[in-house]
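Open the model in a viewer and keep the selection tool to hand. The stops below go one selection at a time.

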Amino acid sequence: MDLEVRGLVKGFGSDRAVDGISFAVPRGRFLTLLGPSGCGKTTTLMCIAGLHRLDAGEVRVGGTTYTSAAGRVFVPPERRDIGLVFQSYAIWPHMTVAQNVAYPLEVRKVDPAEIGDRVAEVLRLVGLGAMAGKLATQLSGGQQQRAALARAVVFRPKLLLFDEPLSNLDLKLREQMRVELKRIQREVGITSVYVTHDQAEALVLSDTIVVMSKGRIEQQGGPRDIYARPANRYVSSFIGIANLLEGRVARATGPGRGEIEVDRGGDRVRLACRLGEGVEVGAPAVLSVRPESVRALREPDGEPRLEGEVLQSIFLGNCLDCRVRWGDFEWKVLAHPRERLRPGERVYLRPDPEHSLAVPP
Amino acid sequence: MDHAVQVGALEGVPAAGRWRRLVSQESVATLVAGLIVGAAVLLPLGALVLNSFRVLDDLGFDTRWGLDNYRALVQDRIIRKAFVNTLVVSTGATLLATVLGVSLAWINARTNCPWRERLEPLNLIPFFLSPFVGAIAWHNLAAPRTGLLNSWARQLFGIQAPVLNVDNIYGIIWVTGIFFTPLVYLFVVGSLRRMDPSLEDSARTTGAGLLRTTLTITLPLVTPGILSGAIIVFVTSAGEFGVPFKLGAPYGWETLTTQIFSKAVGDDANHYLGAAMSMALGVITAVFVWMQQRVIAPRAFTTVTGKGFRPSLIDLGGWRWVALAYNLGFVFIAVVLPIACLFVVSLHPVWEGEIIPADLTFWNYQKVLFFWRPDSIRPATDGIVNSFILAFAGASLAMALALVVSYMIHRTKGPGARLLDFLCVVPIGFPGIVLAMGVLVTYIRTPIYATLWILLLGYITRFFPYGQRNIAAVMLAVSEELDQSSRMAGASWLTTLRRITIPLLKPGIFAGWVLLFIIFLRELSISIILYSAGTETLSVGVYYLANFENEPLTAALSIAQTVVLLVCVVVFRRVAGREALTA
């Protein structure tokens, strides 16, 4: 493991911003800390960087202990060899792009001739080759972003950290930079930790996603895994869009399979589903169904019947975004664009049992 | 066993990692700066409190503990009178400065008065000049016998009795009020400029006229700014030494500062009584400054919201020429007239209240400025050299200290940050003469007494908060991430300070430096307590000439000081911009 974070605790005053976080990243991999603002993800990142001290726990990079509260070890940030891309980019306004990027090499007393070569090389890598002589203040947001990245990788750090680097860019640039960032990270092959509140960003970039809430880890795993098998209601609602129905597990029908009884506005039905971890027969659970895993049919198709009324149907080009009222519950359904569902129409909903998951509430 | 466990925990740690936790550049620098500030601020104040309870016996040799000094404050007729005079002067000066400052700020910020941009810097000039020199100038303008204005009245209109007389408490109020008008002006003009114009516009739409809107909406909204300015003027006037010393003390109008001065030096020196009087003055000013800082200043942000507004200007019509005349009148009376008068006086061998064209000569300038000449006046000429040394070293050291202290307060944010922030406000609460009294009783038995070092210490202690505020203002505007990214790039704290922090803060550092340079170059009330033979300063030189030589020589040195200060003001405006002083 290249980066190991164990039992991280960090409080501000009486608040525990980070409350026992542990994870590990293998060499060259990309891990994302995902969560809403205030969940402790940035604090975790700053603890790894050495800009915050820990109350408990330990941070090891490449087998070296950087911080250990118990061992009273603290390596100052400048001796950690970690590249950090800030949310504000933090490009020094009194220097040119090339000077910004050369700075980490200068403080490391690299040979001046080599500095020039490496700066040019890394500026080419991030696509700023023509901007070397510009002052930082003359760059656009996206270019500052690239310069910040160049400055973070130029000294070939052991670890690369990103603190919501794309959140200040507009949507289009953000989507473009996501792909770019992934390419550059692959090319330099540096182990990376990325902080974001944008689940789409996390899904695109990461090898591993760590979903956080209130200073704790809710789930960690690969993007597909987390999307398909959220550990609980919180993760399910945070990653992607899901229909979340409260109910009670009625029975198990096989290994990891069962039926959940859902009661909405007098309509009581049993739906076949997969059973997530920690779900027990007879206990309350939440059924999570992605909108693309529900079909809306004009004719009933077997039992149970979920008869509803189309409230809204928006044509998005590649799909039809529908809301269907069933009792007092509103289903989100992504239908095929060729289907023509109109508001007021009666439809029968059919959640796919293979992609319906009962999770702990 | 314990040892072995620790070694295990430290395995693979870079060797210095463990030590650096305690002994990093940052922690050493901040600890040293914190101790310096703490000692510099708290020692003199502590010594002041302690010494105010020591009572000198009748022979003047021994002391015992007691409350006699405080009893004297109430019972001694002269001190009681000085106390009352101080309050009258401060109140009068505050009223005058507030009326002038608010009206000038309103004209400049909110009306279409012609030449507003040109007049603004002129309105601020008195802020940078020496009130002591102002008092000397007004003495030459309006002393009963030798005042230029009075002698003109005699010649032109044949009025024999003096028309004007500034050698009394009203003269003190007049000069102090005019000199501190820019303080009110600065506090008010900022809030007037930043005020949301829709607040006024909505009043106009309800049918309120211009005058009514101004009186019922505009002025109440800037009341916190006015109050802040007024309090600062009150406190500064109470601590002002030069003006009452020139216009009051020789004519029987003593104030607390002139009384403290007479107890600090001279034949009937009694440092303990002086300490008690300083305590009385200091407590009053500290309470007022505390009120301004903690109660009034925070409120200013709730009424004046937003930024980047361009308030609508009020069309004064024909009255705008009246407004212009009013503003020009202030500049004429506060700046042009006194300086011109001093210049005229300085060209005469002796001054009898009349301009004698045949006598005009630059001889006085040669005498006071050419310090290598044998006939130069030593205290004055030494003072010029000493003041430049003090101003240069003082401004540099104070800004270095201010930089580290600001860094501690706004970046490191360690456990001591709040305390340090408080310590930085404390010196502002005490007049220079009070703090100087504290420095005097603290260090009188140490080798630094009677050297330039004690002056340097007094200057820096009293005024480094101004530099600190200049830096802090810029520091708060510069993202902390710019510093952090340098650390992440591998630079140590010191390298980061040198290559990132200081270059980014350069405007604030330089503006603060020039401001302190100006303040130190004209400083009187600290110098007058702490100087001794050989360590006179520029203002002490002026004091010496005024006391022991004649008016023209005094005027010559005053003009020289004023010219240097005006040059510094131009530099300051170049680097600091319009409202840098409001901090």
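At what angle do helix H3 and helix H21 of chain B pack? Select residues 25-52 of chain B for helix H3 and residues 452-477 of chain B for helix H21. This is a predicted model, and in it the two helices pack at an angle of about 100 degrees, with their axes 10 Å apart. An angle from 65 to 115 degrees counts as roughly perpendicular, so H3(B) is roughly perpendicular to H21(B).

Now show the side chains at this crossing. H3(B) contributes B:Ala40, B:Val41 and B:Pro44 to the contact, and H21(B) contributes B:Leu457, B:Ile460 and B:Thr461. Sorted by class, five of the residues in the contact of H3(B) with H21(B) are nonpolar, one is polar and none is charged.

**Next: H20 of chain B**

Keep H21(B) selected and add helix H20 (432-443) of chain B. H20(B) and H21(B) also have axes 10 Å apart, and their packing angle is about 135 degrees. That angle makes H20(B) oblique to H21(B). The crossing of H20(B) with H21(B) is right-handed.

On the H20(B) side, pick B:Gly432, B:Leu435, B:Ala436, B:Val439 and B:Tyr443. They meet B:Ile454, B:Leu457, B:Gly458, B:Thr461 and B:Arg462 in H21(B). The contact of H20(B) with H21(B) has six nonpolar residues, three polar and one charged. B:Leu457 and B:Thr461 take part here as well as in the contact with H3(B).

Between H20 and H21 of chain B is a loop, and B:Ala450 is found in it. Check the backbone torsion of B:Ala450: phi is near 70 degrees, a positive value in a residue other than glycine. Is B:Ala450 buried or partly exposed? B:Ala450 counts as partly exposed, because it has 16 C-beta neighbours inside 10 Å, whereas 20 or more would make a residue buried.

**Next: H10 and H11 of chain B**

Select residues 197-205 of chain B, helix H10, with residues 210-221 of chain B, helix H11. Their axes come within 10 Å and cross at roughly 160 degrees. Angles over 145 degrees count as roughly antiparallel, which is why H10(B) is roughly antiparallel to H11(B). The crossing of H10(B) and H11(B) is right-handed.

Which residues of H10(B) and H11(B) meet? From H10(B) they are B:Leu199, B:Glu200, B:Ala203 and B:Arg204, and from H11(B) they are B:Thr213, B:Ile217, B:Thr218 and B:Leu221. The contact of H10(B) with H11(B) divides into four nonpolar, two polar and two charged residues.

**Zoom out: chain B**

Select the whole of chain B, which has 26 helices and two strands. Along the principal axes, its C-alpha atoms fill a box of roughly 100 × 75 × 50 Å. The radius of gyration of chain B is 26 Å, which agrees with the value near 25 Å for a compact globule of 583 residues. Buried residues make up 50% of chain B. Of the contacts in chain B between residues at least 6 apart in sequence, 78% join residues at least 24 apart.

**Cross to chain A**

Select the residues of chain A in contact with chain B: there are 30, and they touch 25 residues of chain B. Strand S5 (64-68), strand S6 (73-74), strand S7 (82-85) and helix H2 (97-107) of chain A each give two or more residues to this side. By class, the side of chain A that touches chain B has 17 nonpolar, eight polar and five charged residues.

Then select all of chain A, with its eight helices and 21 strands. The box filled by its C-alpha atoms is roughly 75 × 50 × 35 Å along the principal axes. Of its 361 residues, 45% count as buried.

**Two single residues in chain A**

Go to A:Glu164, in the loop between strand S8 (159-163) and helix H5 (171-188) of chain A. Its phi is near 40 degrees, positive in a residue other than glycine. A:Glu164 is buried, because 20 other C-beta atoms lie within 10 Å.

The last stop is A:Glu246, in strand S12 (residues 243-254) of chain A. With 15 other C-beta atoms within 10 Å, A:Glu246 is partly exposed. Leaving aside neighbours within four places in sequence, A:Glu246 is in contact with A:Pro284, A:Val286 and A:Pro361. Finish by drawing a C-alpha to C-alpha distance from A:Glu246 to A:Val359: the two are 113 residues apart in sequence and 9.8 Å apart in space.

How values were computed
Residues are numbered from 1 along each chain as its sequence is written. Chains are lettered from A and ligands numbered from 1 in the order in which they are written. This is a predicted model: local features need pLDDT of at least 70, side-chain atom pairs count only at pLDDT 80 or more; totals for chains, interfaces and linings use all residues. Two residues are in contact if their C-beta atoms, placed from the backbone, lie within 7 Å. Helices (H or I, at least four residues) and strands (E, at least two) are DSSP runs, numbered from the N terminus. Ala, Val, Leu, Ile, Met, Phe, Trp, Tyr, Cys and Pro count as nonpolar, Asp, Glu, Lys and Arg as charged, and the others, Gly among them, as polar. Axes are lines fitted to C-alpha atoms, for helices over the stretch in contact, and angles run from 0 to 180 degrees between N-to-C directions. Angles under 35 degrees count as roughly parallel, over 145 as roughly antiparallel, 65 to 115 as roughly perpendicular and the rest as oblique. A crossing is left-handed if the near helix is turned anticlockwise from the far one by less than a right angle, and right-handed if clockwise. The radius of gyration is taken over C-alpha atoms; the globule rule is 2.2 Å times the number of residues to the power 0.38. A residue is buried if 20 or more other C-beta atoms lie within 10 Å of its own, exposed if 12 or fewer, and partly exposed in between; C-beta atoms are placed from the backbone.
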